[in-house]
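Got your viewer open and a selection box ready? Let's take a walk through this model, one stop at a time.

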Amino acid sequence: MKQETKIILKKFMPVFIIAAVTIVFAWGFASGAFQKAVSVFRGTADAPGGATTVNTDVELENVLPKDMHGVWLRAGEDFPQLEIKDGAAVNEEAVRAAIDEAFASFGGLYIDTLFVSAADAKTGGFDSLNYIFAAAKTKNLYCVLALPASFLMSDVDSLACSNEKIVQAVQSYRPDAVMLSGFDSLIFANPNEQTAAKLTAKIAELCNIIKTIAPGTLTGVSAAPVWAHKSEQEGGSDTAGTKQALKDFYADTRAWGQNDLMDFVYITPELTMADEKTSLAVVTEWWNETLRKSNAYAVLGIRTADAPETEFVEQLALLSQLQSFCGSVFDSYQGLLGNEQAKEKYLSHMSTAVAANPKAGQLNISRPTSKKTVTSESTISFMGTADPAYPLYCNGAEIPKSSLGLFSVALQLRAGENEFTFTHNGVSLTYTVTYKLDILTDVYPTGKTEAGGGTIIPLSALAYKEATVYAMVGKTKVELLPSEQNNFGQSAAPSDFVTFTGNFAMPVTSKKTDLGKISFFASFNGVEDSMTGGEITVLPELDPENIGNIIQNPTNYVSLYTEKNLPLKTAYQAHGLGTALMCEILKDFAETTPADAADDKSSPLYRPLLKGTFDYVTSIATYDDEMHYILASGRKVYAKDVKIIADGNKLPANNLSVQSSKTKDETEFVIKTDWLVPVSALLSPQNYSVGYQSRPFNVQSFSGQYLDLTFYYTAAATGSFNVRGSNVIESAKWINVGVNGTATLRIQLKTAGHFYGYAITLTDSGEYKITVKNRDASLKNKVIFLDAGHGGDDPGAIGVYSTIYESHQNLLIAKKVKVQLESMGAMVLMTREGDTNPSLNDRMLMARQRQPDAFVSIHHDASTSSVNSGTHTFYYTAYSMPLAQAIQSNMVNAYVKNQIVPKNSSEYAQIDQKIKFYPFAVTRLEECPSVLVECGYLTNAANANGLLTASNQDAIAAAIANGVKDYFKNN
């Protein structure tokens with residue numbers, strides 16, 4: 001009975017030595033290729049990546065991945081075949097891109113093992129296999145190199161093989177395992193009674209060559225599913241109707257597996273669960289019994305083409321019962337992607353199965369990803385997995401592991417080179433970390449910034465926390481001070497570096513003035529450092545005559561007025577008022593930001609503009625290479641979202657009139673307008689405070705008493721509003737009509753702090769439709785939109801356990817929340833239900849189209865440090881804060897009640913990371929309260945251990961659902 005999926009190579013060493021002598025004499029003792037290969041692997045010759053010293057007295061160990069989930073990656077099928085012209089590759093970039101795309105998705109497909117063929121190697125300055133193997137190492141993928149018979153053999157009948165090709169391939173790519181393939185289907189011209197024995201001897205010889213030149217490399221062989229039918233051969237399988245390896249090809253595959261000629265047998269992907277004459281269940285059980293008393297394991301190839309919907313899951317379930325099998329391999333990456341229904345069933349199965357029992361059978365370090373790392377931090381975090389049954393040591397000190405074998409540890413560094421050796425159950429991994437104190441590591445902005453005089457330009461530098469930092473813009477010195485603000489996309493991990501910030505006020509000039517690039521300086525204990533940032537240019541007032549030089553209209557824009565025949569006035573028609581520089585909004589819900597701020601940080605005080613809105617352009621601004629147009633209504637908008645009309649026809653003052661108002665499930669106002677003007681929205685009164693990352697819109701409590709909707713360029717607004725039936729709105733009326741060229745609709749709330757969202761859309765005839773949600777304490781029939789973050793080619797956070805991707809954990813929790821909410825009577829919609837990746841814009845549009853009662857985006861957190869732990873919830877609008885608080889409160893209770901992290905641990909003390917304001921895209925909805933939940937850190941071993949437990953996942957899902965329920969009950 002096999003206790004573990006591992007092969008100890010020490011017992012084979014005498015066989016290697018005897019075989020080596022035999023092979024050397026047979027091959028020719030003077031063979032330079034063989035001598036060089038042996039010397040390279042014994043550390044006496046130069047080799048890529050440095051030589052590896054091998055001591056034959058030391059036990060060498062290599063481990064097949066436990067519960068292997070592999071896939072083939074083939075040239076011409078899964079990535080383009082390299083095209084060579086005049087000795088050079090002509091499509092190298094396309095090959096690289098396709099391979100990169102595949103690697104980006106492997107984790108999301110739960111792939112831990114890669115099979116590639118030596119026959120796919122090409123010359124011409126670029127070897128795709130070298131590229132694949134290099135990428136695989138950074139992803140901690142186990143690599144199997146297939147050596148096809150057609151690639152090695154020069155003559156089938158004599159079984160003549162090119163040993164030099166073996167040496168070259170193994171030496172060049174240094175795979176974890178080598179598999180001889182295609183030897184079970186050779187066509188002999190003159191077979192005889194000894195052919196099967198000769199073929200078996202050849203297999204043994206080739207495996208020994210590989211093990212001799214590359215001690216520690218596992219060997220395997222591909223074998224057809226059926227060795228022989230028991231009706232024709234004693235000891236055969238109870239099968240029929242398919243080719244037999246022994247009879248049809250003289251391949252005694254049973255002997256190959258039983259006699260320890262190699263470490264694994266790959267069963268070629270020819271069968272499905274539905275095969276009647278040759279049952280896959282019968283075949284796998286036959287191989288299971290055949291290999292039971294041997295040291296070899298079986299790996300099952302899975303056919304992806306035309307596989308039934310449940311095929312992959314059924315085969316995995318079958319293998320889980322067979323001790324002699326260590327996993328499975330899909331026969332085609334593209335085939336797996338193309339079989340959408342079977343793939344989705346497989347992913348659903350894996351997200352549950354792996355999360356329920358992610359115990360690792362071997363030492364695997366997921367972070368850092370490279371064995372040689374340079375850092376400016378004084379600590380470094382190592383994360384990974386190890387067998388829970390065996391101790392793990394780092395430089396002789398034991399490292400604690402969770403019950404699932406997860407570990408994460410932050411280690412102190414000394415200046416210069418640091419070496420850390422992790423040992424676990426006979427396996428050693430050594431990492432070299434160089435600590436080099438760079439006191440200045442990042443600056444911002446780095447791109448072009450152009451703005452008018454008086455504009456405030458925020459400057460930032462990521463520098464050593466005790467450094468003195470300043471910036472020079474032209475001849476102006478700007479002192480930069482340490483701040484909690486983080487402009488560099490780093491998590492809130494303990495760090496030696498902080499963000500230093502300061503502001504530069506653009507001088508007022510009469511002409512365009514280039515101030516040059518920003519220079520940043522930092523000093524600490526006599527050490528000085530500097531970096532160059534982006535270029536700063538001061539713009540004068542906009543000159544309409546030169547507008548043609550700066551217009552950046554999107555190339556494929558579609559005007560609302562070419563899509564629909566709306567009875568509205570436009571800037572394309574003459575109104576007898578002359579012309580001006582104007583723009584039309586081309587994107588529905590185009591984001592706007594304050595005009596007086598140089599950067600583009602989102603503000604809940606500025607709502608998006610509807611497609612078709614017209615406004616006057618007063619200036620342009622570019623911040624960090626992103627161009628904006630500044631509008632007369634006091635906001636700026638991305639240039640990519642508008643069409644500039646250089647000679648736009650000035651529009652007359654607007655008139656508004658109420659067409660209808662009613663309340664059913666929600667209150668609806670329809671308002672006629674002459675043209676589409678900018679509209680702003682403000683809930684008042686509301687106090688804000690500075691909080692997370694120095695953002696100024698944190699809310700202690702939601703206190704809004706009324707919603708003001710202000711229509712610009714408007715002189716008249718007539719008509720009254722009927723709000724009978726609304727349990728949210730006390731009254732609605734026009735105020736300040738014509739004051740400063742605006743008119744405001746004030747919607748007074750019945751109870752301060754009770755507001756549930758609003759929407760402004762257009763009717764088919766071009767009228768404004770304003771809807772305000774009613775209040776209902778019951779969750780029954782409420783529409784809740786759940787958003788499982790990331791997905792598809794975006795795995796999200798990759799944590800301690802490298803095959804657990806955030807995207808799958810998000811979807812797993814979201815589906816559990818869906819079940820919980822539906823049991824409470826809610827109607828639940830989801831932005832995705834499979835391994836897809838809708839864009840952020842698409843996720844928001846889905847919600848806006850359905851106008852749900854609440855929107856919850858589900859995520860898991862990550863950090864560069866293993867220290868961070870706990871859960872937090874984010875909101876954007878003030879009226880989303882109560883939902884965030886309700887969910888966060890339930891989440892913290894779930895952590896405590898279920899001890900998702902151990903009591904009295906440092907992680908336990910970090911459970912509640914509080915609620916925070918932050919402008920995540922999916923929280924910037926006006927239509928309903930919208931929040932983003934971080935369920936916990938996948939990069940902390942104790943936290944991740946709890947998050948991967950099925951009962952805890954149920955508790956987390958229940959916490960989110962109960963938070964939604966409590967919100968509607970109490971608010």
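Start by selecting Pro 368, which sits in the loop between β15 (364-367) and β16 (372-375). Keep in mind as you look around that this is a predicted model. Now add Arg 367 to the selection: the peptide bond joining Arg 367 and Pro 368 is cis, with omega at about 0 degrees. That's worth a pause, since most peptide bonds are trans.

**A second cis bond, and a proline beside it**

Next, jump to Pro 445, in the loop between β23 (440-444) and β24 (449-452). The bond that leads into Pro 445 from Tyr 444 is cis as well, with omega near 5 degrees.

From there, hop over to Pro 458, which belongs to strand β25 (residues 456-464). Which residues touch Pro 458, once its neighbours within four places in sequence are left aside? Light up Tyr 444 and Pro 445, then Gly 502, Asn 503, Ala 598, Asp 599 and Tyr 623. So the two residues of that cis bond are among the contacts of Pro 458. Is Pro 458 buried or exposed? Its relative accessibility is 17%, so it counts as buried.

**Two residues with positive phi**

Most residues other than glycine have a negative phi, which makes the next two stops fun to look at. Select Tyr 250, in the loop between α8 (245-249) and α9 (253-258). Tyr 250 isn't a glycine, yet its phi is positive, about 60 degrees. With a relative accessible area of 27%, Tyr 250 is partly exposed.

Then find Asn 525, in the loop between β29 (513-524) and β30 (527-539). Here, too, a residue that is not a glycine has a positive phi, about 50 degrees. Show the surface and you'll find Asn 525 exposed, at 69% relative accessible area.

**A five-stranded sheet**

Time for some strands. Colour β41, β37, β38, β45 and β44: in that order they make an open sheet with mixed pairing. At the edges stand β41 (714-718) and β44 (758-762), each with a single partner strand, so one side of each has no neighbour in the sheet. From one strand to the next, the twist averages 25 degrees.

Zoom in on β38 (residues 666-673) and β45 (residues 768-773), which pair antiparallel over six bridges. To find one of the matches, pick Ile 671: its bridge partner in β45 is Tyr 768.

**Along a helix**

Now select α15 (residues 806-823). Its 18 residues should span 26 Å at 1.5 Å a residue, and the end C-alpha atoms are indeed 26 Å apart, so the two agree. Colour the buried residues of α15 and you'll pick up, among them, Leu 811, Leu 812, Ile 813, Val 817 and Leu 821. Step just past the helix to Gly 825, where phi is positive at about 100 degrees.

**A six-stranded sheet**

The next sheet is open too, with six strands in the order β47-β46-β48-β51-β49-β50 and mixed pairing. Its edge strands are β47 (827-830) and β50, each pairing on one side only. The twist here averages 20 degrees from one strand to the next.

Pick out β49 (residues 871-875). Why is β49 largely enclosed by the rest of the structure? Five of its five residues are buried. Look at each face in turn: Thr 871, Thr 873 and Tyr 875 are on one side, with His 872 and Phe 874 on the other.

Bring in the neighbours of β49. Strand β50 (residues 912-917) runs parallel to β49, joined by four bridges, and Phe 874 stands opposite Lys 916 there. Strand β51 (residues 930-937) pairs with β49 in the antiparallel sense, also over four bridges. In β51, Phe 874 is matched with Leu 932, and Tyr 875 with Val 931.

**Helices over the sheet**

Switch on α16 (residues 840-850), which lies across β46 (783-788), β47 and β48 (854-861) and runs at about 175 degrees to β46. Then show α17, lying across β48, β49, β50 and β51 at about 170 degrees to β49.

For the last stop, keep α17 (residues 881-898) and add α20 (residues 950-970): they pack at about 150 degrees, with axes 8 Å apart. Their crossing is right-handed. Sorted by class, the residues in this contact are twelve nonpolar, five polar and one charged. Show side chains to see who meets whom: Leu 883, Ile 887 and Met 891 are among those on the α17 side, and Ile 956, Ile 960 and Tyr 967 are among those on the α20 side.

Definitions and conventions: Residues are numbered from 1 along each chain as its sequence is written. This is a predicted model: local features need pLDDT of at least 70, side-chain atom pairs count only at pLDDT 80 or more; totals for chains, interfaces and linings use all residues. Side-chain values use heavy atoms; hydrogens and water are left out. Axes are lines fitted to C-alpha atoms, for helices over the stretch in contact, and angles run from 0 to 180 degrees between N-to-C directions. A crossing is left-handed if the near helix is turned anticlockwise from the far one by less than a right angle, and right-handed if clockwise. Contact means heavy atoms within 4.5 Å. Ala, Val, Leu, Ile, Met, Phe, Trp, Tyr, Cys and Pro count as nonpolar, Asp, Glu, Lys and Arg as charged, and the others, Gly among them, as polar. Buried means under 20% relative accessible area, exposed over 50%, partly exposed in between (1.4 Å probe, protein chains only). Two strands pair if DSSP finds at least two bridges between them. The expected span of a helix is 1.5 Å times one less than its number of residues.
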